[in-house]
Amino acid sequence: MAKYQQILVGLDLSEESSQVLDKAAALAGAFGAELSLVHAIEPLTFAYGGDIPMDLSEVQDQLQSQAKEQLQKAAQPLNIPPERQHVILGQPSTEIHRLAKDLEADLIIIGSHGRHGLALLLGSTANGVLHGAKCDVLAVRVHIDDE
């Protein structure tokens with residue numbers, strides 16, 4: 001089995017993110033690896049195709065600020081320093097691949113909701129990360145309380 005040294009954990013900052021983080025912390029502990037966290041935010045202009053005749057930069061800034069706060073809260077119990085907490089803007093799987101390369105990550109850990117049906121097995125972000133990664137990817141099955 002590979003010995004992981006740099007683990008990048010992609011979080012969606014939902015309530016279930018703690019399940020992914022717990023698994024990542026256990027693996028990092030077992031391998032003596034360094035953990036980095038990432039949350040990717042798609043630009044609002046992507047979501048709306050640029051069709052909204054208004055400036056969304058203030059809303060985008062608020063989203064990024066809130067994501068940074070939530071990521072800090074997630075990182076705190078594990079003592080992950082701010083320089084290893086990344087909120088990135090762009091297409092999530094592409095930006096996670098880029099960051100993994102920059103950090104020389106040898107493992108990416110992401111959550112998977114495991115919804116029914118083959119197309120929904122991983123979810124679009126998890127599926128994109130899995131299929132374009134240059135390193136190992138671990139998809140952690142998260143359980144939602146109402147399942």
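Asp 102 and Arg 98 are joined by a salt bridge in which the closest N and O atoms lie 2.9 Å apart, and this is a convenient place to enter the structure, which is a predicted model. Both residues belong to helix 4, where Asp 102 and Arg 98 stand four residues apart, about one turn of the helix. Asp 102 counts as exposed because its relative accessibility is 51%, and the cut-off for that class is over 50%. Arg 98, by contrast, is partly exposed, with a relative accessible area of 36%.

Arg 98 also has a second partner, since it forms a salt bridge with Glu 95, again with the closest N and O atoms 2.9 Å apart. Arg 98 and Glu 95 are three residues apart in helix 4 (residues 92-103), so about one helical turn separates them. Glu 95 is buried, with a relative accessible area of 17%. Taken together, Glu 95, Arg 98 and Asp 102 are linked in a network of salt bridges, and the three members of this network are described as buried for Glu 95, partly exposed for Arg 98 and exposed for Asp 102.

Helix 4 also holds Leu 99, which counts as buried because its relative accessibility is 6%, where buried means under 20%. When residues up to four places away in sequence are set aside, Leu 99 touches Leu 8, Val 38 and His 86. One of these partners, Leu 8, is 91 residues away from Leu 99 along the chain, yet the C-alpha atoms of the two residues are separated by 8.5 Å.

Helix 4 can next be followed to its meeting with another helix. The axes of helix 4 and helix 5 (residues 124-132) come within 8 Å of each other and cross at roughly 40 degrees, which makes helix 4 oblique to helix 5. The crossing of these two helices is right-handed. On the helix 4 side the residues that meet helix 5 are Pro 92, Ser 93, Ile 96 and His 97, while helix 5 contributes Thr 125, Gly 128, Val 129 and Gly 132.

The salt bridges of helix 4 belong to a total of three found in a search of the whole structure. Another of them lies between the side chains of Glu 34 and Arg 84, with an N to O distance of 3.4 Å. Glu 34 is placed in strand 2 (residues 34-41), whereas Arg 84 sits in the loop between helix 3 (57-75) and strand 3 (85-89), so this pair ties together parts of the chain that are 50 residues apart in sequence. Of the two partners, Glu 34 is partly exposed at a relative accessible area of 32%, while Arg 84 is buried at 18%.

The aromatic side chains offer a further link. A search of the whole structure finds one aromatic pair, formed by Tyr 4 and Phe 31 in an edge-to-face arrangement, with 5.2 Å from centre to centre and 80 degrees between the planes. This pair links distant parts of the chain, as Tyr 4 lies in the segment before strand 1 (6-10) and Phe 31 in helix 1 (residues 17-31), 27 residues apart. Tyr 4 counts as buried because its relative accessibility is 12%, and Phe 31 is likewise buried, with a relative accessible area of 15%.

Definitions and conventions. Residues numbered from 1 in each chain as written. Predicted model: local features only at pLDDT ≥ 70, side-chain atom pairs only at ≥ 80, totals over all residues. Heavy atoms only, no water. Phe/Tyr/Trp six-rings, centres within 6.5 Å; stacked < 30°, edge-to-face > 60°. Buried < 20%, exposed > 50% of the residue type's maximum accessible area, 1.4 Å probe, protein only. Salt bridge = Lys/Arg side-chain N within 4 Å of Asp/Glu carboxyl O. Axes fitted to C-alpha atoms, helices over the stretch in contact; angles between N-to-C directions. Parallel < 35°, antiparallel > 145°, perpendicular 65-115°, else oblique. Left-handed = near helix turned anticlockwise from the far one by under 90°. Contact = heavy atoms within 4.5 Å.
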